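Load the model in your viewer and keep the selection tool at hand. The stops below are given in the order in which to select them.

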Amino acid sequence: MLPTTLSSLHSTSVTPTPTVSPLSPFSPSSSSSSSSSFLSLPPSSSTQRRRRLNSLCFFGDTHLRISPKPKGLKVKCLVSEPLKVMISGAPASGKGTQCELIVQKFGLVHISTGDLLRAEVSSGTEIGNKAKEFMNAGRLVPDEIVTAMVTARLSREDAVERGWLLDGYPRSFAQAQSLEKLKIRPDIYIVLDVPDEILINRCIGRRLDPVTRKIYHIKNFPPETEEIKARLVIRPDDTEEKVKSRLEIYKQNSEAISSTYLKIMTKIDGNRPKEEIFKEIESFLLQVQKDKEKMEKSGNTLLESKSHKIQASTSEDNWRGIPTRLNNIPHSRGIREYFYKDVLEATQRAINDGRTRLKVENNIPELNPEMDVYRIGTLMELVRVLALSFADDGKQVKVCVQGSMGEGALAGMPLQLAGTRKILEYMDWGEYGALGTFIKIGSVGAKEVDEQDDMFIIVAPQNAVGNCIIDDLKAMTDAAGNRPVILINPRLKDLPGSSGIMQTMGRDKRLEYAGSFQNCYFFRLLYYAGTQYPIMGALRMSYPYRCELYKRIDEPSGKEKYVILSTFTERPTIDEINDAFQGKPRNEAKNTSGIWGFLSGIF
Ligand code: AP5
């Protein structure tokens, strides 16, 4: 039996041992690679640091539905490497409908395995005769038939030159693996999400025009003329019974397929007007195109010799999903490095896009100083990675730790920050003398803002009992003007002070100020309420991409992995997370008393 609710992470370690290590390993030269020396990660070498971390670039490769030539093509692929798009979703989720619109706008070659197979059936070919029986029964046609058809079509010149839009393939883990083996990978994997009952209604009402191949629906999209209406046909597999069987098969396979395309998967609410859905798809495709152009410009594209395949960028190749064993404290060096890099890339992208009020909220167990003061060490290591990287870009970075607030007997600083500034000063900032030149250490307040400072990184700003940091922060950000200010794991909530001292700013203003910072990175583990084990999943958001919801899965081999369940434009609500974990389509009626739940405080 599952416990009743999911809780967010607050204190997460299974092993309560604090992550403390002797102060000596601050120096990279003396650091051991032991996972417990959490302050020992050396700053990267100058060369390494100079290597630009690319913005998220997608995989690319080769390509396939029979579509008429695009009319009114508005966007031209500016890059030599065209777009490669995969679209998936349950039967009647609107793949074909969206594909028509995508082709019109982007000029891709639409390859629909359903259409290819139907063409074979109506031509009475050997393949068609074999496939007919399976299709009419609402079952999958054997892999070897479909895969050969798809790979042949993908290698044709039009698909290679114009890019492709693959619809209805892969439909099983084996099919996904066939493409992987051939290094055929899309830039983006779009999944249309529609509730079951809507799907059935859409199938039953679907009509096809055999002349133009246009898709209609007797109620939703009726034909334009009586002449068209008279020639419309019904697909033999569009009966309620067959649709249910197709839907079942889709559900059985979808998770395994998604796991192959985790990083590039984008789930889209498909139960909206088709134009609205297309608008969202369009914005994703334009973003992918932009990323590919950027990648080409930065010279990271490696063309494979014989094909027009594009290799993944180094960073993408190295992306290994969410690290596992996150409940083990201390975290391994590999885990820490993963998160430092993940945060750095998101922050760089946000700053390159001109964002100036940013916050990073990374709540892996070892970055959560609320659990014990020692964990501030990992936080400082993260800060060092960020500061050195921006300094390497020639920026003057000020790393700020709030000092004591208040006066006399009421003076104080949050326990977690005690000694932090001193430790920062002792840390190794590399052989190039970055500390004192490009990196300065300061406190929080308007007077800390010097003319020569280019940006500010503020370490875990928070209130102490009776003293609110927000006045000082506000004065500092006002003085910083349009220079970036990045808050690392802030706690700016309106916490009650035991002394009852009134703050100088009103509550609304304080909350408004806290809300003015935009998340450029967010990571949080998910647990059942009231437990810290096992990890059920994670939420991750890395600017400018969507918030991703992952489920943790124990594999039969004893290993664990994280599988993406859904993505969201905003941080999902408790209900949305519940629904995703229960496999409900996201727009199904919400049930707040579901078996999953969160501590609402995190939102
Ligand atoms: P295939 O043709 O691919 O069928 P499918 O995946 O079941 O998808 P559909 O074509 O039914 O739906 P769709 O998502 O394209 O929706 P549409 O836009 O038409 O495959 C058929 C069969 O071939 C399979 O069952 C299998 O046997 C075989 N096969 C194919 N690929 C295979 C593979 N890889 N391996 C093995 N076998 C394979 O829209 C549906 C209806 O909804 C329309 O009437 C439309 O007008 C309406 N509609 C669309 N969008 C909206 C909207 N936003 N609002 C309201 N109505 C909408």
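The tour starts with the whole chain, goes on to the ligand, and then visits single residues.

**The whole chain**

Bear in mind throughout that this is a predicted model. Colour the chain by secondary structure: there are 18 helices and 17 strands. Then colour by relative accessibility. Of the 603 residues in the chain, 54% are buried. Switch on the surface, and the accessible area of the chain comes to about 26,800 Å². Carbon and sulfur atoms account for 53% of that area.

**The ligand and its shell**

Select the ligand and expand the selection to the residues around it; there are 34. Which of them come nearest? They are Thr97, Arg139, Arg171, Arg206 and Arg246. Recolour the shell by residue class, and it divides into 13 nonpolar, 10 polar and 11 charged residues.

Next, display the N and O atoms around the ligand. At serine 93, pick the backbone: one of its N or O atoms lies 3.2 Å from a ligand oxygen. At arginine 202, pick the side chain instead, where an N or O atom is 3.4 Å from a nitrogen of the ligand. The side chain of arginine 235 also has an N or O atom to pick, at 2.8 Å from an oxygen atom of the ligand. Now show the ligand surface. Taken alone, the ligand exposes 1,000 Å², and the protein buries 97% of this.

Which elements give two or more residues to the shell? Select helix H2 (95-106), helix H3 (113-123), strand S7 (215-217) and helix H11 (274-297). H3 gives the most, with 4 residues.

**Alanine 92**

Move to the loop between strand S2 (84-89) and H2, where alanine 92 is placed. Check its backbone torsions: phi is positive, at about 65°, although the residue is not a glycine. Is alanine 92 buried or exposed? It counts as buried, because its relative accessibility is 11% and the cut-off for buried is under 20%.

**Methionine 135**

Select helix H4 (residues 126-136) and pick out methionine 135 within it. Its relative accessibility of 12% makes methionine 135 a buried residue. To see what surrounds methionine 135, leave out the neighbours within four places in sequence; the contacts are then Gly114, Leu117, Arg118, Val121, Val141 and Asp237. Before leaving, draw a distance from the C-alpha atom of methionine 135 to that of arginine 246. The two residues are 111 apart along the chain, and their C-alpha atoms are separated by 9.5 Å. Arg246 is also one of the residues that come nearest to the ligand.

**Proline 170 and lysine 183**

These two stops are in loops on either side of helix H7. Select first the loop between strand S4 (164-167) and helix H7 (173-181), which holds proline 170. The peptide bond that joins tyrosine 169 to proline 170 is cis, and its omega is near 0°.

Then go to the loop between H7 and strand S5 (188-193) and select lysine 183. Here phi is near 55°, a positive value in a residue other than glycine. Lysine 183 is partly exposed, with a relative accessible area of 44%.

**Cysteines 400 and 520**

Show the cysteines. How many disulfides does the structure hold? The number is 0. Two cysteines to select are 400 and 520: cysteine 400 counts as buried at 0% relative accessibility, and cysteine 520 is buried with a relative accessible area of 0%.

**Threonine 477**

Select helix H16 (residues 470-480), then threonine 477 in it. Threonine 477 counts as buried, with 4% relative accessibility. Show its side chain together with that of tyrosine 513, and a polar contact of 2.9 Å appears between the two. Beyond its neighbours within four places in sequence, threonine 477 is in contact with Arg357, Val485, Tyr513 and Phe517.

**Proline 544**

The last stop is the loop between strand S15 (535-542) and strand S16 (547-554), where proline 544 is placed. Look at the peptide bond from tyrosine 543 to proline 544: the bond is cis, with omega near 0°. A tyrosine also precedes the proline in the cis bond from tyrosine 169 to proline 170.

Technical notes. Residues numbered from 1 in each chain as written. Predicted model: local features only at pLDDT ≥ 70, side-chain atom pairs only at ≥ 80, totals over all residues. Heavy atoms only, no water. Disulfide = S-S within 2.5 Å. Buried < 20%, exposed > 50% of the residue type's maximum accessible area, 1.4 Å probe, protein only. Contact = heavy atoms within 4.5 Å. Near = heavy atom within 4 Å. Polar contact = N/O pair within 3.5 Å; in protein donor to acceptor, adjacent residues only side chain to side chain. Areas by Shrake-Rupley, 256 points an atom, 1.4 Å probe, with all protein chains shown as cover. Nonpolar A, V, L, I, M, F, W, Y, C, P; charged D, E, K, R; others polar.
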